[in-house]
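Reader: Could you take me through one part of this model in some detail? I would like a close look at the place where the two chains meet.

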Amino acid sequence: MEKTLQEGAPGSLLKVRGARLPLELERRLQALGMTPGCPIRVLRKKKHGAMIVKLRGSRFALGSAIASRIIVEEA
Amino acid sequence: MENLSIGFVGNPNCGKTTLFNAYTGANLKVANWPGVTVEKKEGRFKLHDHEYRLVDLPGAYSLTSYTMEEQVTRQYILSDEVDVIIDVADASALERNLYLTLQLIELGKPVILALNMMDIVEKRGMEIDTHRLPEMLGIPVIPVSARRKTGLDILMHAAAHHKGQEESMPLIHHHDSAPKTTSTRHRHQHHKEFAMVYSDGIEDKIDQVMEQLLKQYPGLSNPRWHALKLLENDPEITKAYPLDTPLIDRSYEQDIINEKYEFIGEIIDEVLVNKDKKAAVTDKADGALTHPVWGLPIFLFIMALVFFLTFTIGDWLKGYFELGLEAFSGAVLSGLTFLHVAPPLISLLVDGIIAGVGGILTFLPNIVILFLALAFLEDSGYMARVAYVMDGIMGRLGLSGRSFIPMILGFGCTVPAIMASRALENKRDRFKTMLITPFMSCSARLPIYVLFSQLFFGGYAMLAAYSMYVLGLVVAVLCALIIHLFDKKKAHLTGGSALLIELPEYKAPSAHTIFIYVWEKVKDYLTKAGTTIFIASIFMWFLLNFGPQGYSADMSQTFGSKLGQFIVPFFAPIGLGFWQIVVALIAGISAKEVVVSSCAVLFSVSNLTSPTGMAALTGALSSIGFGPLNAYALMTFSLLYVPCAATLATIKKESESWAWTGFSALFQIAVAWGVTFVVYHLGLLFV
């Protein structure tokens, strides 16, 4: 069973494995540094909602439609 | 004197604009890039024996051709117009910023890396090896602080000396300390030529494609970059330079991105010390500002404070402006009378121009304070958090939290707000946001509320004006909700919002940046007062002083009156069945302040906002049966009906469709009429 970023608990450190997103959006995320193997930390999360993550030293807010399509593993 | 053109490129939030402003000050030219509504800022200055021309390019994370901003940036850099590129990087987020740097280096133009925000880096206990970094990148690296104005001269100096250096110098760099690279079987010694060297497989591909490119397009400059773009299946380059032989079996874009980030990882390992130090201030502030429960109330409180300051401090300062205007108007009147100038001409000058334009100028303090507050929210880094905080609510309307940023900017001015909707990736979201953003009450509508609520609501004036902002927001939200319910095709990504936005570190806003931001808006406002409102005032004066029989002192015999009376039936059911008001509203399409300046001309009140002027206007209005409820109906209708001509032009440009622009205008009139009807008839029950 693979784990999505959306399931990550606030404060947890994860590792990006890949994404199942429309190509253009996937490329944009990669340009922001979300490449396979990159560590990602969940900083904050709303119930069923958006989350704040830290990736390569920058913070991003991600909606649940995106976060639930990013595959991660425990770092 | 040598001329030098420099393009400023950088990620959003890297402090690029602050750095740009530090050089050019308020002395800059703002225009649009040809054909698109992306803003182009240009400034000139002299230093030593060079004249520098700086161009601020749109903020971008990469140089693909996916978005308008990135296309503009890329095309401009490739053009002959730019001599040197200054890549502004936020040193406190170096890792991500270097991705753009690597792409810029590959473009082949001389690049200089300006490491901005070094003060923040030091404060956090991090250190950057500024000797090793240029070695690894092969370009000059200059540490600067835009806010403290350090390193500015040396950066320009470096730019002047780096000009004309088409290829970067040979690099003293060894990729990856692991034996992988030393055992490279690649026939070229790329590591001596390029900062960014890919794995052997990709380098082989690049060589093959380059060879073919040069065969087909001899004289092509920077074939390596073109080869890379072809391997990435970049739509623009693939179309411009099709290859005769099918060399490219698949898109290598993902591999190219990954390898760039791998190299960046190597750089960061070597040059950044103590990289895991925490950004304590931002974490602490976010603890409250993005709190799951308190985030929203805090945001509402901040907005309430913004409007409170706008009305209280603004009104206090406005008093002094009015005194000045009154004195000026009186002096002109007695001067002209003394000189025996013909009465129609005196009327044109005093009742037309001074009343119209002057009346608008007295609202300047309110507008300055509103824009100061918006600039503060943007420059501090809070605005992006609003997108996160509002994401849940906006999600129920079928929009992402990001749509809320154009809506807040709409409190300032609808034109830049409509332009800001471009940041939304999804076209459906964009059009929806463009449709509801004009309902957000812009600063041009402020004079209408301030004037009429002071006239009719006495001690409750501020509450009445404030209620307009809430009403505008409620109408926007309801419209979005209704569209969402009837919208059969839902967003392309199901299961929540597709919000994606960077949350920059909080910082104390730069006074200089805020000053320039506000000054730009004030300049726009003054220009508008001097052009649109000036002409509209003269036109109104003409309409209201001339009739079929020529110059007429009896206003009911004039063209304006006849036109207004013709349309009155449309407005009667919503409590606005007064021809004067109808004329003012029609004139208000040129710019919303014109509703106020027209009232000044319509009722021949020369100093509208002073106590005597207001008393005169109240008298004139009550004599035609216009009471508080009518005033509230007028405020409501003014809030919601067709945005100004400039907004319509912007909607046309952004949507690239006249049909959509026309629909948008009709939609706004229909909503304005409907809501005002409800407000007026509800009011009648209580009055």
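Author: **Where chain A meets chain B**

Happy to! Strand S5 of chain A, residues 58-62, pairs with S10(B) in the antiparallel sense, over four bridges. Within that pairing, Ala61(A) has Ile501(B) of S10(B) as its bridge partner. Please keep in mind that this is a predicted model.

Now to the interface as a whole. On the chain B side, 41 residues are in contact with 32 residues of chain A. The area buried between the two chains is about 3,200 Å², and carbon and sulfur atoms give 56% of that area.

Charged side chains also come together here. The rule finds four salt bridges across the interface of chain B and chain A. One of the salt bridges joins Arg27(A) to Glu253(B), with the closest N and O atoms 2.6 Å apart. Polar contacts across the interface come to 14 residue pairs, counted with both residues at pLDDT 80 or more.

Which elements of chain B supply at least two residues each to the side that touches chain A? They are helices H3 (94-107), H11 (253-271), H12 (280-289), H16 (382-389) and H17 (391-396), together with strand S10 (500-503). H11(B) gives the most to this side of chain B, with five residues.

As for the character of the residues, the side of chain B that touches chain A divides into 16 nonpolar, 15 polar and 10 charged.

To return to the starting point, S10(B) is thus both a strand that pairs with S5 of chain A and one of the elements that supply at least two residues to the chain B side.

Terms used
Residues numbered from 1 in each chain as written. Chains lettered and ligands numbered in written order. Predicted model: local features only at pLDDT ≥ 70, side-chain atom pairs only at ≥ 80, totals over all residues. Heavy atoms only, no water. Contact = heavy atoms within 4.5 Å. Buried area = accessible area lost by both parts, 1.4 Å probe. Polar contact = N/O pair within 3.5 Å; in protein donor to acceptor, adjacent residues only side chain to side chain. Nonpolar A, V, L, I, M, F, W, Y, C, P; charged D, E, K, R; others polar. Pairing = 2+ DSSP bridges.
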